Amino acid sequence: MRTEILYIKNMVCDRCKIVVKSELEKLGITPLHIDLGEVTLGTPLSDEQKILIKNRLDSLGFELINDKRSRLIEQIKTLIIELVHYNNNELKVNLSDYLSDKLHHDYNYISNLFSEIEGTNIEKYFIAQKIEKVKELLVYDELTLGEIAFQLNYSSTAHLSNQFKKVTGLTPSHFKSIKSHKRKPLDKV
């Protein structure tokens, strides 16, 4: 059986996977497997089906990715989002080793490509994702700042606070007092 893989930009959460699956099924296409940013189909698509899928996904804020460099950038983003937002226990790994291992590319290559295409470096993107996670946890108000720092593998509460202020311009406690007005969707980070 010949499969086809669709690479989709802006799939950043489980709800995104549900929406993409639903839209494909509306078009009579049953995916074999769906991951963030990637859908495996049991059969190759016709050009007409690809156009229908592209139009449907575009209208929902997703985008089909065709070139290898863009796919690699999306894979980097997806791995970082998964690492920060869904796999907290793996945050203790070295990010460059983690990405190189998962993507089977030299870190210097993926780092340079990411910087060239995105206009920022992988480390800044990673920090931005961590800060969004901190914002989420602060809004939920279930963990202390120390517990958040530990969960996101910061060396100390002070380190987290300093990084938070540097990125947002606010202290964590000030952010907590104004809450939801400052959170961003993950695909906009």
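# A guided tour from T120

Select T120 to begin: its relative accessibility is 28%, so it counts as partly exposed. Three classes of burial are used throughout: buried is under 20% relative accessible area, exposed is over 50%, and partly exposed is in between, with a 1.4 Å probe and protein chains only. The model is predicted: local features need pLDDT of at least 70, side-chain atom pairs count only at pLDDT 80 or more, and totals for chains, interfaces and linings use all residues. Residues are numbered from 1 along each chain as its sequence is written, and side-chain values use heavy atoms, with hydrogens and water left out.

**Stop 1: around T120**

T120 sits in the loop that joins α5 (107-118) to α6 (122-140). Helices (H or I, at least four residues) and strands (E, at least two) are DSSP runs, numbered from the N terminus. Now display the contacts of T120, where contact means heavy atoms within 4.5 Å. Leaving aside residues up to four places away in sequence, T120 touches F114 and S115. For a distance label, pick E136 as well: 16 residues separate it from T120 along the chain, and the two C-alpha atoms are 23 Å apart.

**Stop 2: K77 and its neighbours**

Move next to K77, in helix α3. Is K77 buried or exposed? K77 has a relative accessible area of 13%, and it is therefore buried. Which residues does K77 touch, not counting those up to four places away in sequence? They are F114, E118 and Y125. F114 is thus also a residue to keep on screen from the previous stop, where T120 touches it.

Draw a distance between the side chains of K77 and E118, which make a polar contact at 3.0 Å. A polar contact is a pair of N or O atoms within 3.5 Å; within protein, one must be able to donate a hydrogen and the other to accept it, and residues adjacent in sequence count only if both atoms are side-chain atoms.

**Stop 3: helix α4 and the residue after it**

Select residues 95-103, helix α4, and colour its buried residues: L95, Y98, L99, S100 and L103. An α-helix has 3.6 residues a turn, so residues three or four places apart point the same way. What covers the buried residues of α4? The cover includes α3 (68-85), α5 and α6.

Step on to H104, which follows α4 and lies in the loop between α4 and α5. With a relative accessible area of 69%, H104 is exposed. The phi of H104 is near 60°, a positive value in a residue other than glycine. Most residues other than glycine have a negative phi, and most peptide bonds are trans.

A second residue to inspect for its backbone is D141, in the loop between α6 and α7 (145-151). D141 is not a glycine, yet it has a positive phi of about 60°. Its relative accessible area is 42%, so D141 is partly exposed.

**Stop 4: the cysteines C13 and C16**

How many disulfides does a search of the whole structure find? It finds zero, a disulfide being a pair of cysteine sulfur atoms within 2.5 Å. C13 is in no disulfide, and the nearest cysteine sulfur, that of C16, is 3.4 Å away. C13 is buried, because its relative accessible area is 13%. C16 is likewise in no disulfide; its nearest cysteine sulfur is that of C13, at 3.4 Å. C16 counts as buried at 10% relative accessibility.

**Stop 5: T30 and a long distance**

Go on to T30, in the loop between α1 (14-26) and β2 (31-35). T30 has a relative accessible area of 58%, so it is exposed. Add F150 to the selection: T30 and F150 are 120 residues apart in sequence, and their C-alpha atoms are 41 Å apart.

**Final view: the protein chain**

Zoom out and switch to a cartoon. The protein chain has nine helices and four strands, in the order β-α-β-β-α-β-α-α-α-α-α-α-α along the sequence. Its C-alpha trace spans about 55 × 35 × 30 Å along the principal axes. Of the 189 residues in the protein chain, 40% are buried. Among contacts between residues at least 6 apart in sequence, 62% join residues at least 24 apart.
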